[in-house]
Amino acid sequence: MNRLLTLLAVAGICSSAAFAVTAQAGEKLKELPAFSQLDTDADRHISADEAKAHEWLSKNFSKADTDQDGRISQSEYLALVKMKQ
Ligand SMILES: [Ca+2]
Ligand SMILES: [Ca+2]
């Protein structure tokens, strides 16, 4: 089933569909909450667990964690938000 869907997607996707996906990603980025909303234990870092509250952030956690210390600092979060705007 997945294979069929993939084939259909490859055959059927046109540039407007690709554009729609990009636009959808943009929508999700707009929904990035304030740092303090994600930092629920207020230790000034977003842990991997805290990032799970936001699907996109969770998926991009390692990208956001630029110093690779396993958590996102406020400056890392702001850099991520700016980069994606
Ligand atoms: Ca925290
Ligand atoms: Ca970090």
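This report describes the fold, the nonpolar core and some individual residues of a predicted model.

## Basis of the description

Residues are numbered from 1 along each chain as its sequence is written, while chains are lettered from A and ligands numbered from 1 in the order in which they are written. Because the model is predicted, local features need pLDDT of at least 70 and side-chain atom pairs count only at pLDDT 80 or more, whereas totals for chains, interfaces and linings use all residues.

## Overall architecture

The protein has seven helices and two strands, these being DSSP runs numbered from the N terminus, with helices (H or I) of at least four residues and strands (E) of at least two. Read from the N terminus, the order of the elements is α-α-α-β-α-α-α-β-α.

Of the 85 residues in the protein, 13% are buried, a residue being buried if 20 or more other C-beta atoms lie within 10 Å of its own, exposed if 12 or fewer, and partly exposed in between, with C-beta atoms placed from the backbone. Among contacts (C-beta atoms, placed from the backbone, within 7 Å) between residues at least 6 apart in sequence, 36% join residues at least 24 apart.

## The nonpolar core

The largest nonpolar core, meaning a set of buried Ala, Val, Leu, Ile, Met, Phe, Trp, Tyr and Cys residues joined through C-beta atoms within 7 Å, has eight residues: Ile46, Ala51, Leu57, Phe61, Ala64, Ile72, Tyr77 and Leu80. At least two residues of this core come from each of helix H6 (61-64) and helix H7 (74-84). In soluble globular proteins, nonpolar side chains tend to be buried together.

Ala51, one of the core residues, is in contact with Leu38, Ile46, Leu57, Ser58, Phe61 and Ile72 when its neighbours within four places in sequence are left aside.

## Positive phi in two loops

Most residues other than glycine have a negative phi. Arg44, which is not a glycine, nevertheless has a positive phi of about 70°; Arg44 is found in the loop between helix H3 (35-38) and strand E1 (45-47), and is exposed because 11 other C-beta atoms lie within 10 Å.

Gln68, a residue other than glycine, also has a positive phi, near 55°. Gln68 is placed in the loop between H6 and strand E2 (71-73), and counts as exposed because it has 7 C-beta neighbours inside 10 Å.

## Trp56

Trp56 is found in helix H5 (residues 55-59) and, with 14 C-beta neighbours inside 10 Å, counts as partly exposed. A separation of 8.4 Å is computed between the C-alpha atoms of Trp56 and Leu32, which are 24 residues apart along the chain.

Key: Two residues are in contact if their C-beta atoms, placed from the backbone, lie within 7 Å.
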